[in-house]
Amino acid sequence: MAELSHVDGRGQARMVDVSAKEITAREATARAKLLTTPEVVALLRGDGVPKGDALAVARIAGIAAAKRTPDLIPLCHPIAIHSVKVELEVVDDGVEITTIVRTADRTGIEMEALTCAAVAGLNLVDMVKAVDPAAVIADVRVDQKLGGKTGEWNRP
């Protein structure tokens, strides 16, 4: 069984020492989905929800969240974010969120991509809750990571 890198020999949480690792280009793609009503979908495809441009707010919030990940996830390293892309596709049952985050650093960028997708979803919930208080964020996941010691990984 693989060893948990964020736990020391005594079982205590620790921040992993990455100082000896090489700087490499890294990229992660994460996804999430807002599940909502046909009424909200129609508003997103048309005149918009009462609070304003939900998709623009979600996109900007996701970008900001990727940059603030170490403030939210205590054992994440602060790394330079070189690119954040947030794609929002309105589909029949909600909004599909895809985030791609890139860096050149000593450690991975998966948590930044996940945080970006989750916070974009949270902002969509906030923007549509007046119309659909039961909106749900689902399937937050990493789909791909590139770079680093382990190279490429794709969700099976």
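Strands β2 and β3 run antiparallel and are joined by 9 bridges; two strands count as paired if DSSP finds at least two bridges between them. Helices (H or I, at least four residues) and strands (E, at least two) are DSSP runs, numbered from the N terminus. The model is a predicted one, in which local features need pLDDT of at least 70 and side-chain atom pairs count only at pLDDT 80 or more, while totals for chains, interfaces and linings use all residues. Residues are numbered from 1 along each chain as its sequence is written, and side-chain values use heavy atoms, with hydrogens and water left out.

## Overall architecture

The chain contains 4 helices and 5 strands. Along the sequence these elements follow the pattern β-α-α-α-β-β-α-β-β. Taken along the principal axes, the C-alpha atoms fill a box of roughly 55 × 30 × 30 Å. Of the 156 residues of the chain, 39% count as buried; buried means under 20% relative accessible area, exposed means over 50%, and partly exposed lies in between, with a 1.4 Å probe and protein chains only. Contact is defined as heavy atoms within 4.5 Å. Among contacts between residues at least 6 apart in sequence, 72% join residues at least 24 apart.

## The sheet

The 5 strands form an open antiparallel sheet in the order β2-β3-β1-β4-β5. Its edge strands are β2 (83-91) and β5 (153-154), each of which pairs on one side only. Helix α1 (residues 38-45) packs on the sheet and touches β2 and β3 (94-105). The direction of helix α1 makes about 120 degrees with that of β2; axes are lines fitted to C-alpha atoms, for helices over the stretch in contact, and angles run from 0 to 180 degrees between N-to-C directions.

The pairings of the sheet are listed below.

| Strand pair | Bridges | Sense |
|---|---|---|
| β2 and β3 | 9 bridges | antiparallel |
| β1 and β3 | 12 bridges | antiparallel |
| β1 and β4 | 9 bridges | antiparallel |
| β4 and β5 | 2 bridges | antiparallel |

Between β2 and β3, a hairpin makes the connection through 2 residues. Within this pair, Ser83 stands opposite Arg102 in β3, and Val86 stands opposite Thr99 in β3. Strand β3 is mostly covered, with 9 of its 12 residues buried. On the pairing with β1, Arg26 has Thr103 in β3 as its bridge partner.

Strand β1 spans residues 24-35. Towards β4, Ala30 stands opposite Val142. Strand β4 covers residues 136-147 and includes Asp139. Phi of Asp139 is near 55 degrees, a positive value in a residue other than glycine. Asp139 is exposed, with a relative accessible area of 54%.

At the β5 edge, Lys145 stands opposite Trp153, and Gln144 has Asn154 in β5 as its bridge partner. The hairpin of β4 and β5 has 5 residues between the strands, and Gly148 in this hairpin takes a positive phi near 80 degrees.

## The largest pocket

A 1 Å grid over the protein atoms alone is used to find pockets: a pocket is an open set of points with protein on both sides within 12 Å along at least five of seven lines, whereas a cavity is a set of points where a 1.4 Å probe fits but cannot get out; lining residues have an atom within 4 Å of a point. The largest pocket holds about 660 Å³ of space, the volume being the space filled by probe spheres set on grid points that are joined across faces, edges and corners.

Its lining consists of 24 residues, of which His6, Lys21, Thr107, Gly108 and Glu110 lie nearest the centre. At least two lining residues each come from β1, α4 (110-128) and β4. The lining divides into 9 nonpolar, 8 polar and 7 charged residues. In this division Ala, Val, Leu, Ile, Met, Phe, Trp, Tyr, Cys and Pro count as nonpolar, Asp, Glu, Lys and Arg as charged, and the others, Gly among them, as polar.

## Helix α2 and the preceding loop

Ala56 is found in helix α2 (residues 54-67). Ala56 is partly exposed, at a relative accessible area of 29%. Its C-alpha lies 9.9 Å from that of Asn123, although Ala56 and Asn123 are 67 residues apart in sequence.

The loop between α1 and α2 contains Gly48, which is partly exposed with a relative accessible area of 23%. From Gly48 to Lys129 the separation is 81 residues in sequence and 13 Å in space, C-alpha to C-alpha.
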